[in-house]
Amino acid sequence: MDSEVNAQYTQDRELSWLKFNERVLEEAKDESVPLMERLKFAAIFSSNLDEFFMIRVGSLHDMRLLKETHIDCRSGKTPKEQLQDIFKALIPLYKQRDKVMDELDVRCRACNICRLGFDELDEKAKKQVAAWFEKEVKPILSPQIVDIHNPFPHLPNKELDIIFSLKRNDKQLLGILPVPASLPPFLRLEEREFTTF
């Protein structure tokens, strides 16, 4: 009986935390906030979600795998039910984040700060990017093959990795290419006088 009464007066910790992070995203939406500050709030929102998944969602997933059923004293729910609630709450948050980023992208383009695909570059810019890749990026890349002699490596949190399929002598192999954290987050294209990231 006490747990039922307590659940009426307490909040689900994970859903409450997502509501807090939604308020961070609202700062990124606020047009009275300077543009670069809005970008920072959007980045904080995404970084917070990364940490949320690493710690809270990861812990709930582990608890869901236990033989004994655990009931959260605040929400009165099992880990599986909590995860379902989290994933349901996340869908609109990610949609909001994508919409905010699209709006910020338009504002940034007006200031010559552009998120460009390679196909959007003119020939001069493509040559600059290719030269930058050969000089700055390629020397520090360290691709890895996963096979019977090379087990799947540890992938650090918040690291960007490219996973690809390789074929050798009709045999499929898995490859991993960690993107070095030392690379700058943007590249200034001097020919077009704007910054791309």
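Strands S3 and S4 (residues 171-178) run antiparallel and are joined by eight bridges. One facing pair is leucine 166 and leucine 173, the latter in S4. Keep in mind that what you're looking at is a predicted model.

Zoom out a bit and the pair belongs to an open sheet of three strands, in the order S2-S4-S3, with antiparallel pairing. S2 (144-146) and S3 (161-168) sit at the edges with a single partner strand each, so one side of each has no neighbour in the sheet. From one strand to the next, the twist averages 35°.

Now for helix H5, which covers residues 123-137. Does its length add up, or what should 15 residues span at 1.5 Å a residue? The expected figure is 21 Å, and the end C-alpha atoms are 20 Å apart, which agrees.

The front end of H5 has a cap. Aspartate 122 does that job at the N-terminal end, with a side-chain oxygen 3.3 Å from the backbone nitrogen of lysine 124.

H5 also has two sides worth telling apart. Ala125, Gln128, Val129 and Val137 are buried. Looking down the helix axis, you'd find the buried residues within an arc of 105°, so they line one face of H5. What do they pack against? That would be strand S5 (187-189). Over on the other side of H5, Glu123, Lys124, Lys127 and Lys135 are exposed. Lys124 therefore turns up twice: as an exposed residue, and as the one whose backbone nitrogen meets the cap.Two loop residues also deserve a look. Asparagine 112 has a positive phi although it is not a glycine, and lysine 158 also has a positive phi without being a glycine. Here are their backbone angles and where they sit:

| Residue | Phi | Loop |
|---|---|---|
| Asparagine 112 | about 65° | between helix H4 (79-110) and strand S1 (113-114) |
| Lysine 158 | about 60° | between S2 and S3 |

Are these two buried, partly exposed or exposed? Asparagine 112 has 39% relative accessibility, so it counts as partly exposed. For lysine 158 the value is 52%, and this residue counts as exposed, because the cut-off for exposed is over 50%. Lysine 158 also ties back to the sheet, as its loop runs between S2 and S3, the two strands at the edges.

Note on methods
Residues numbered from 1 in each chain as written. Predicted model: local features only at pLDDT ≥ 70, side-chain atom pairs only at ≥ 80, totals over all residues. Heavy atoms only, no water. Pairing = 2+ DSSP bridges. Helix = DSSP H or I, 4+ residues; strand = E, 2+ residues; numbered from the N terminus. Axes fitted to C-alpha atoms, helices over the stretch in contact; angles between N-to-C directions. Expected span 1.5 Å × (residues − 1). Buried < 20%, exposed > 50% of the residue type's maximum accessible area, 1.4 Å probe, protein only. Arc of directions from axis to C-beta. Contact = heavy atoms within 4.5 Å. Polar contact = N/O pair within 3.5 Å; in protein donor to acceptor, adjacent residues only side chain to side chain.
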